[in-house]
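Welcome, and thanks for taking a look at this one. Have the sequence and the 3D view open side by side, and let us walk through a few regions together.

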Amino acid sequence: MNRKKLQKLAESLCRTAKHFNKIEVECLIKLFHTLVVEPSDRHAIVGLDRNTFRNILHVTFGMTDDMIMDRVFRAFDKDNDSCVSVTEWVEGLSIFLRGTLEEKMKYCFEVYDLNGDGYISREEMFHMLKNSLLKQPSEEDPDEGIKDLVEITLKKMDYDHDGKLSYTDFEKAVRDENLLLEAFGPCLPDIKSSMAFEMQAFQETGDM
Amino acid sequence: AAGGVGQGLVRFPAPRPDSVYLPLLVTGGGGPVPIATPPTTAASRASGSREAGAGARHTSLIFAETMGVALTRAAQWTSAGSGTGTLEITPLNESLLNDIIKFADSFSSRHPQEAAFVFREPLEWKTQLDYSRFELGYEISGTTIQSEERDKDDQPLLLLSASTIRVRSFGQLSRLLHVAMEKRLKEAQACLEANRDPIVKILGPGYGTIEGEDMSMVRLLDRMKKDDDPDTEIKMKISLLLQQLDMQLLNSSLKRISQEVRLTPAAVKNEVDLLKHFSGEGENTVLESLEYTSDYEFSNGCRAPPWRQVHGEIGYLIVKPHDTDPLYITCSTAGVFLNGGRGKEKDDIDYERKSDIYKDLITLLRERSPKFVENMAKQDYTFFEEPTYEKHYRHMEIVDAEDLGQSQKFYDYSEKNVFEKTKSPPLKSKPIDKKLEPSLKWNDKAANKVMKEEKENRAIVPESKKKANILSPGPIKGQSVSKRKVSDKSDEISESSSESEEDEEQPERHQEGNTDLPSEYWQIQKLVKYIKGGNQTATVIALCSMRDFNLAQETCQLAIRDVGGLEVLINLLDTEEIKCKIGSLKILKEISQNSQIRRTIADFGGLQIMVKILDSPDKDLKCLAAETIANVARFKRARRTVRQHGGIKRLVGLLDCVPLGSANLTPHLEKDIEVARCGALALWSCSKSTKNKEAIRRAGGIPLLARLLKSPHANMLTPVVGTLQECASEPSYRLAIKTERMIENLVKNLSGENEELQMHCASAIFKCAEDEETRDLVRHHGGLQPLATLLSNSENKELLAAVTGAIWKCAISRENVTKYG
């Protein structure tokens, strides 16, 4: 990518990804290109495919839950083309690393709303929490604890008592207790890994 | 005082500033004179000349003086100065009188020649002896009695007419004492009272004492050389004999004075508190009520106003026995006695002594109230069983004064004792059961709350009937609340409570019981299970859910502990998961309001981990850790742990935030200020230990506190001033408060809205105003006006106490007094 093109792209992305300045955007674009496997086909879409992206999440941000990583990929991949473009990359990272509470709530809700119907249902919760407890072999129903945990969560967050979480429920619960932002699994980087990433991206990439 | 001025005046400097001078006046051969020496301590001078004069009137003068051939006296006079004072019947006076009588009695047999010497003037007094006593050796004619013994001019040496008796020789005095028999003490007293200057009467005005050195002996010798008058020689002998007696009396009274048990404010307080414990409504109490006249206690433990403390007075009580009118009692270092009570104006106490002096309050009350004696007998069992608790309790009181400034609180410790006795053995820290079955202990607890009320009451009654009526019969719940207070209290104590850690062991309230557990118990147990066995996500959900329980409620606090939750919560603090740490601290912060929880947190090493968390880059985490430390560090061991693990330095580090005055702060900077506030809260708790005060200073805390003192927010100022006020017990802080210009801000905050803050400011000023420059600074910054305003407007007793103290100290400077006027 030539200099002029980079400048132009950075300028436009700066406007949508508000939390980065132009230099930072340039760094992220450069980083994107080091991560992207150059497609053999010149006309193929340039971007991070699911596996590459999941690899980044796992290695750089320490995520482990396959399902959540999948959902994070879907949240980045706005146009649903199974590929994170440079625009999606920069805009996604803006929220992922530096988003406001509001932005992060929307992002997390999107991650947790597995079928994208605007609600987090009992089943979705069960699905996301099913590995969160140590199995007690002594118990007759190994899922009993998970089911109970789902009920506890609903009791805590389902303000309108309709048995599922709307965005309104979720927002209210998180504003009341920020710890519930990542209620159904870690989908945001912790402070250490995000600082490490920013340092790497903005300093080392900048020197390239 | 008539006559000359005392020679050989021996004055004993007061052993303590609150005691009065005891001028002991001894004469040589010359005329002894009782001299009213006003107590001239600085305090009495400061209180104005009128007060000093009044003081002199009340001062007991002890003096021994010699007179005539056989009469010597040493006496405590109720009033000194005027012609006829009255001798008080105190043990000291009585024994001195007896010594004098013994001397006079044996005088004629031991020194027959001197006994015949005729006084220059007769000793004259009103006698109470009736005529029938005078038989052999006396001539009785009508209303006149004369001695058969006469002088060379044929005048009788003893003449009694119309109950006035005149005696002119030691021989006759000896005989008279013999005649008086059992009334000799009264007669000797009357004689001494009527003849305040006996030596002049006996030997003549020439023997009156002269200011300066005692020349009487020299003059006598001169005269002996000049003429051969045998009288002079006798006079000389008498003079020498009297001097001898004088020394003897002086020695014995000194011995007695030094043996006298002097009361202290602490002893008085103990006695009052003990009696209070047995007082109240009902037939079996020893007294109906027992109150101090003043709620304010000075730092030396006295409640008497300073100008009365000069006279050794400690405080005043109004005691209402069952069977007599209210007694107005003065407690002084010399003992306990009745005063004149309160005048029409409510605040005026008539300080004049109206009764004998008793060695303590109980002795006085035994004398005054038969009902008291009777009910005391009933209480005997408890009364003498009490000492161990009393000790414990006294301990609390002292600390109370230290920790809460001047406030006075009374907690019924017997209530606590009852609990201790009826409870099953204390719970040891319980190992966490894998299956987390409900602990039996907890069981007991629930039972205690729900079912066992009756049983509990019954359990108390047989143990001691007396206690039952002391205990206010109330619902168990109420008792548990007040017990909570007791244990909270004992937390605060620990600092000054010597080095013992006895108070650390809290009684557990458990009882044999059934399995009726509240539903919260099961739910909390389940949540703890998820926290233990879940990953971060499950843990956070469970932690958040746990916060929905009423964590201020003891049931929940103890449920968390009893299912092993505390250990789990503390373990979470040691992980890398920030969310789990925050969730855990949010719970620990709440439940550490409970003193038992505080101790368990400390036992599990929670403080060390929280101190480490203070280094975290996450500000929320820092705040929560500091706030939790603030709660936990309310007992000595915890404060020590914080210090020993470097907590003080880190907490002081939290105080370092941007200048507070700056407008439109970013959320980032606001957070820093919140961190500083939490740090100050924790330091406030920690600053109750002397070593921590020093540690805060060494960590550079003083300039940071000074900077935070400029904050406009009461929630920041309260912990900051609280810490300063606590530390102002140290001279280094008092100096710093002066030099770092903190007085100005302390004065400014006297005029705020927040009473707690005002109280701490006043208390800090009170502690610092020992120093003259500081007093001037208070005036200079206009601090006197707000203090005066608070005094007249506030109804908050603790605030009033602090303000009164501040004003009292400030009033040491004359300019401040003038300004008030």
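Which side-chain oxygen reaches to the backbone nitrogen of Gln596(B) at the start of H25(B)? That oxygen belongs to Asn594(B), and the distance is within 2.7 Å. Keep in mind as you read on that this is a predicted model.

## Helix H25 of chain B

Helix H25 of chain B spans residues 595-603 and is mostly covered, with eight of its nine residues buried. The buried set holds Ser595(B), Gln596(B), Ile597(B), Arg598(B), Arg599(B), Thr600(B), Ile601(B) and Ala602(B). If you are following along in the viewer, Gln596(B) is thus both a buried residue of the helix and the one whose backbone nitrogen is approached by Asn594(B).

At the other end, the chain passes Gly605(B) just after H25(B), and this glycine takes a positive phi of about 75°.

## Helix H23 and its neighbors

Helix H23 of chain B covers residues 565-573, and because seven of its nine residues are buried, it is largely enclosed by the rest of the structure. Those buried residues are Gly565(B), Leu566(B), Val568(B), Leu569(B), Ile570(B), Leu572(B) and Leu573(B).

What do they pack against? The partners, all in chain B, are H20, H21, H22 (554-562), H24, H25 and H26 (606-613). The helix from the previous section, H25(B), is therefore one of the elements packed against the buried residues of H23(B), a helix that is itself largely enclosed because seven of its nine residues are buried.

## Where chain B meets chain A

The size of an interface is often given as the accessible area lost when the parts come together. Here, the area buried between chain B and chain A is about 1,800 Å², with carbon and sulfur atoms giving 61% of it. Each chain brings residues to the contact: 22 from chain B and 22 from chain A.

On the polar side, there are six salt bridges between the two chains. One of them joins Lys526(B) to Asp148(A), whose closest N and O atoms are 3.1 Å apart. Ten residue pairs are in polar contact across the interface, counting pairs with both residues at pLDDT 80 or more. On the side of chain B that touches chain A, the elements giving two or more residues are H20 (519-533), H21 (536-546) and H24 (578-591). The largest share comes from H21(B), with seven residues. By class, this side of chain B has eight nonpolar, seven polar and seven charged residues.

## Two positive phi angles in chain A

Most residues other than glycine have a negative phi. Ser82(A) is not a glycine, yet its phi is positive, at about 60°. You will find Ser82(A) in the loop between helix H4 (66-76) and strand E2 (83-84) of chain A, and it is partly exposed, with a relative accessible area of 42%.

His161(A) also has a positive phi, near 55°. This histidine lies in the loop between helix H8 (144-157) and strand E4 (165-166) of chain A. Is His161(A) buried or exposed? With a relative accessible area of 69%, His161(A) is exposed.

## Cysteines

A search of the whole structure finds zero disulfides over all chains. For Cys108(A), the nearest cysteine sulfur is that of Cys187(A), 3.6 Å away, whereas a disulfide needs the two sulfur atoms within 2.5 Å. Cys108(A) is buried, at 0% relative accessible area. Over in chain B, Cys302(B) also counts as buried, at 3% relative accessibility.

Definitions and conventions
Residues numbered from 1 in each chain as written. Chains lettered and ligands numbered in written order. Predicted model: local features only at pLDDT ≥ 70, side-chain atom pairs only at ≥ 80, totals over all residues. Heavy atoms only, no water. Buried < 20%, exposed > 50% of the residue type's maximum accessible area, 1.4 Å probe, protein only. Contact = heavy atoms within 4.5 Å. Buried area = accessible area lost by both parts, 1.4 Å probe. Salt bridge = Lys/Arg side-chain N within 4 Å of Asp/Glu carboxyl O. Polar contact = N/O pair within 3.5 Å; in protein donor to acceptor, adjacent residues only side chain to side chain. Helix = DSSP H or I, 4+ residues; strand = E, 2+ residues; numbered from the N terminus. Nonpolar A, V, L, I, M, F, W, Y, C, P; charged D, E, K, R; others polar.
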